[in-house]
Amino acid sequence: MTYLYVKAFHLFFVVSWFAGLFYLPRLFVNLAMAEDGRERDRLLLMSGKLYRFMTPLGVLALAFGLWLWLGFGFSGGWLHAKLTLVAGLVAYHGYCRKLLADFAAGRNARSHKWYRVFNEVPVLVLLACILLVVVKPF
């Protein structure tokens, strides 16, 4: 029974974290296009609050995932591939912090088009993770 609760909480926090990973880069698109100072300030405030909210969600997703892995003995090549993708998501999350700091300091050097592409990375990673977990191809 413990396994099912751990898995349910892992899924809840993964979904919640991904909501932030999907929305924060979308705010960056708007920030890159913002011309009005008030709009920029509002988007920066929203982005900062979202980042501070989604970070503990990501930590909890990772903690429950580690519990599943180490506590219930999952193994296989699919898991190594998924863990590599998760490490990439953690790096993506950290890079979002750097981009947010660049916006706050007025140092953004990227176009809104770049952020539109950047915004699609977590979508592709989520799809790959789901395929690995459900299909376990290796």
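Where in the chain does lysine 136 have its place? Lysine 136 sits in the segment after α5, and we will come back to this residue below. First, a word on what you are looking at: this is a predicted model. The protein in it has 5 helices and 0 strands, so here is a friendly tour that starts with the whole chain, moves on to the largest pocket and ends with a handful of single residues.

**Overall fold**

- Reading from the N terminus on, you will meet the elements in the order α-α-α-α-α, which fits the count of 5 helices and 0 strands.
- Along the principal axes, the C-alpha atoms of the protein fill a box of roughly 55 × 25 × 15 Å.
- Among contacts with a separation of 6 or more, 79% are between residues 24 or more positions apart.

**Surface and charge**

- The protein has 138 residues, and 35% of them count as buried.
- Its accessible surface comes to about 8,200 Å², and carbon and sulfur atoms hold 70% of that area.
- On the charge side, there are 15 positive and 6 negative side chains. The centres of these two sets lie 11 Å apart.

**The largest pocket**

- If you are looking for a pocket to inspect, the largest one has a volume of about 680 Å³.
- A total of 27 residues line the largest pocket, and the closest to its centre are His10, Val14, Leu68, Lys82 and Val133.
- Four helices each supply at least two residues of this lining: α1 (2-33), α2 (37-72), α3 (77-104) and α5 (121-135).
- The helix that gives the most to the lining is α1, with 8 residues.

**The C-terminal end: valine 135 and lysine 136**

- Valine 135 belongs to helix α5. Its relative accessibility is 53%, so valine 135 counts as exposed, the cut-off for that class being over 50%.
- Tryptophan 78 is 57 residues from valine 135 in sequence, yet the two C-alpha atoms are 8.8 Å apart in space.
- Lysine 136, in the segment after α5, has a phi near 45°. That is a positive value in a residue other than glycine, so you may like to look at the backbone here.
- With a relative accessible area of 41%, lysine 136 is partly exposed.

**Methionine 46 in α2**

- Methionine 46 is found in helix α2 and is partly exposed, because its relative accessible area is 30%.
- Setting aside neighbours within four places in sequence, methionine 46 is in contact with Tyr23 and Leu27.
- Arginine 116 lies 70 residues from methionine 46 along the chain, and 18 Å separate their C-alpha atoms.

**Glycine 94 in α3**

- Glycine 94 has its place in helix α3. A relative accessible area of 35% makes glycine 94 partly exposed.
- Glycine 94 and threonine 55 are 39 residues apart in sequence, with a C-alpha to C-alpha distance of 9.4 Å.

Conventions. Residues numbered from 1 in each chain as written. Predicted model: local features only at pLDDT ≥ 70, side-chain atom pairs only at ≥ 80, totals over all residues. Heavy atoms only, no water. Buried < 20%, exposed > 50% of the residue type's maximum accessible area, 1.4 Å probe, protein only. Contact = heavy atoms within 4.5 Å. Areas by Shrake-Rupley, 256 points an atom, 1.4 Å probe, with all protein chains shown as cover. Lys, Arg positive; Asp, Glu negative; His and termini not counted. Charge placed at Lys NZ, Arg CZ, Asp CG, Glu CD. 1 Å grid on protein atoms, 1.4 Å probe; cavity = no way out; pocket = protein on both sides within 12 Å on 5 of 7 lines; lining within 4 Å. Points joined across faces, edges and corners; volume = space filled by probe spheres on them.
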